[in-house]
Amino acid sequence: MYKFEDDSLMMHTDLYQINMLKTYWEKGIDKKRAVFEAYFRSNPFGNGFAIFAGLERIIHYINRLTFTESDIDYLRELGLYPDEFLTYLKEMKFSCSIRSMVEGELCFANEPLIQVEGPLGECQLIETALLNILNYQTLIATKAARIRNVIGEGDKLSEFGTRRAQEMEAAIWGTRAAYIGGFDNTSNVRAGKLFGIPVSGTHAHSLVQAYRDEYEAFKAYAETHKDVVFLVDTYDTLRSGVPTAIKVAKEMGDKINFIGVRIDSGDMAYLSKKIRKQLDEAGFPDAHIIASNDLDELTILNLRMQGAKINDWGVGTKLITAFDQPSLGGVYKLVSIENDEGEMVPTMKVSSNASKMSTPGVKQVWRITRNRDGKSEGDYVALIEERPDQLDSLFMFHPVHTYINKTVKDYTARPLLQDIYRDGEQVYQLPSLLDIREYAEQNVTQLWDEYKRILNPEQYPVDLSQKLYDNKMESISEIRQNVKEKAKQLEQEEA
Ligand SMILES: Nc1ncnc2c1ncn2[C@@H]1O[C@H](COP(=O)(O)OP(=O)(O)OP(=O)(O)O)[C@@H](O)[C@H]1O
Ligand SMILES: O=P(O)(O)OC[C@H]1O[C@H](OP(=O)(O)OP(=O)(O)O)[C@H](O)[C@@H]1O
Ligand SMILES: O=C(O)c1cccnc1
């Protein structure tokens, strides 16, 4: 099927990364020390926070990061690179240090999520895959958290998205991210097998159509399963679907565990209320009503508002494709580079668009919480050597509107970027998926409600330390001054 053997993820990168590496190598700066940081510029879906996901997959990727024979054969065939460079690639061994937030951590716009430090060439090479993974998984975990948020704790949330996902890998890792964000189970059996996510399933309209008769179909299904949910909307939900389900449930009695019915079309508020009445009157007050059909957090909220009697929710397309915002927009920027004297110097990208301006310097993100009740005060992004955890009071100010500020006392400062790799060696032990999911849930609980509402939430403070802020301002004026001088020089050369 493939032109070359698919035995590595090394080529899962943009050509320009390899092109830059060639420049760095030929010019002898590939081993210069560099630090890159990944972050996104605005919280997805207008949400008040995002849930970080993707680290496990990133570790999986990094641990297999070598150019295989087939990678080299392919690159040779491209005819872009000399043999010496290909030999250099073949011998390359990942030696960077990586600090990262852990999965299930709440994260916000404009704070580093992952930091990669090491030889410039290596740091550069992994940009594409890192962003590919974290952008998608963080997006889906966040979408899932929004859906969980409107549903609350009681109802079951099932992930149904595989058939509509952007191909197979997205279905699998999206399902895992959805589980982290608060879904209870998935219809995807492979995700169950690989990650231990609970699986669940009802049946489709085709089962009813195959028997061409609802009674025959339900009966057959009930005779071949213990736990039973009937899909009741193939012909006429209220006049035939539900009455037939009730009839079969009564006939089968204790032989089955009649979980309930699923509806997949029509006015689900109206139908669910009527169905609830039918089930209750038939003596099945505990039978659940499960709804699916293009659901998302807004439809669910609306159905709730209408008093819909739905207990469980199946959500597919709009979750797995992040329907209303298909990309997180995370970026990976160089923040520090070794100069000719061997010192690390901060670097930034200046832009006329303020939101595209990166913050120079190697950072740590500190989550500041009040000791009184454990509630969050905001995040404090500081230079890596700063220790806000050792101060008695912390001055926090808005990174743009600096007159918005506060002094926090009696607080705990928790560093969010943890050591994952040191000089190429993995030092972080992956937690279980269930622990990650519980960690995310606990983090969401600790957040003020104002940041949690799904519409127009308050902006969670992500502040810069005074040093970081001053460095940024200094870098901006230095760069501006440099540009001015260079422009003048160019003008003079032309004249
Ligand atoms: N009471 C309701 N209030 C708001 N939205 C609803 C309500 N009932 C259903 N919906 C939503 O309205 C949309 C209806 O979509 P659509 O017209 O495709 O479905 P349908 O005609 O009922 O069924 P089918 O999928 O078989 O075409 C779905 O997104 C569904 O979740
Ligand atoms: O609507 P989603 O959130 O994506 O959930 C998954 C959908 O997949 C199934 O439908 P099916 O593939 O039979 O399509 P249909 O219901 O749209 O006809 C199921 O009945 C849900 O409607
Ligand atoms: O189990 C279900 O009901 C299911 C699974 C996938 C997609 N739609 C429905």
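A residue is buried if 20 or more other C-beta atoms lie within 10 Å of its own. That cut-off serves the close-up views below, which are drawn from a predicted model.

**Figure 1. Strand β5 and its two antiparallel partners.** Strand β5 covers residues 114-119 and is mostly covered, with six of its six residues buried. Strand β1 (residues 33-39) pairs with β5 over six bridges, in the antiparallel sense. Within that pairing, alanine 38 sits opposite isoleucine 114 of β5. Strand β3 (residues 97-100) is also antiparallel to β5, with four bridges between them. Here serine 97 has glutamate 117 of β5 as its bridge partner.

**Figure 2. Strand β6 between two parallel neighbours.** Which strand does β6 join through four bridges? The partner is β11 (residues 312-315), which runs parallel to β6 (residues 156-159). Strand β7 (residues 185-186) pairs with β6 too, in the parallel sense, over two bridges. Serine 158 appears in both pairings. Its bridge partner in β11 is glycine 314, and its bridge partner in β7 is asparagine 185. Helix α7 (residues 167-180) completes a right-handed β-α-β unit with β6 and β7.

**Figure 3. Tryptophan 313 in strand β11.** This residue lies in β11. Why does tryptophan 313 count as buried? It has 23 C-beta neighbours inside 10 Å, and the cut-off is 20 or more, so tryptophan 313 counts as buried. Leaving out residues up to four places away in sequence, tryptophan 313 touches Ile151, Asp155, Leu157, Ser158, Ala291, Leu295 and Ile300. Ser158 thus recurs here, as one of the residues that tryptophan 313 touches. Glutamine 481 is 168 residues from tryptophan 313 in sequence, and their C-alpha atoms are 58 Å apart in space.

**Figure 4. Helix α2 and its packing partners.** Helix α2 spans residues 55-62. Leu55, Glu56, Arg57, Ile58 and Ile62 are its buried residues. They pack against β3, α6 (127-151), α7 and β19 (418-422). Two of these elements return from earlier views: β3 pairs with β5, and α7 belongs to the β-α-β unit.

**Figure 5. The shell around ligand 2.** The shell holds 14 residues, of which Phe160, Asp264, Ser292, Gly316 and Thr317 come nearest. Strand β11 and helix α14 (317-320) each supply at least two residues of the shell. How does the shell divide into nonpolar, polar and charged residues? Four are nonpolar, five polar and five charged.

**Figure 6. The shell around ligand 3.** Phe160, Ser187, Gly201, Thr202, Arg262, Ser292, Gly314 and Gly316 surround this ligand. One of these residues is nonpolar, six are polar and one is charged. Gly314 is the residue that bridges serine 158 in the β6 pairing. Phe160, Ser292 and Gly316 are also among the residues that come nearest to ligand 2.

**Figure 7. The C-terminal annotation and the whole chain.** An unreviewed UniProt entry lists residues 363-471 as "domain: Nicotinate phosphoribosyltransferase C-terminal". Over this range the chain is 21% helix and 38% strand. The C-alpha atoms at its two ends are 12 Å apart. The protein as a whole has 17 helices and 21 strands. Its C-alpha atoms fill a box of roughly 90 × 60 × 50 Å, taken along the principal axes. Of the 495 residues, 40% count as buried. Among contacts between residues at least 6 apart in sequence, 71% join residues at least 24 apart.

Notes. Residues are numbered from 1 along each chain as its sequence is written. Chains are lettered from A and ligands numbered from 1 in the order in which they are written. This is a predicted model: local features need pLDDT of at least 70, side-chain atom pairs count only at pLDDT 80 or more; totals for chains, interfaces and linings use all residues. UniProt positions are given in the numbering used here, feature names are shortened, and annotations may be inferred rather than shown by experiment. A residue is buried if 20 or more other C-beta atoms lie within 10 Å of its own, exposed if 12 or fewer, and partly exposed in between; C-beta atoms are placed from the backbone. Two strands pair if DSSP finds at least two bridges between them. Two residues are in contact if their C-beta atoms, placed from the backbone, lie within 7 Å. A crossover is right-handed if, with the strands pointing away from the viewer, the path from the first strand over the helix to the second runs clockwise. A residue is near a molecule or strand if its C-beta atom, placed from the backbone, lies within 6 Å of it. Ala, Val, Leu, Ile, Met, Phe, Trp, Tyr, Cys and Pro count as nonpolar, Asp, Glu, Lys and Arg as charged, and the others, Gly among them, as polar.
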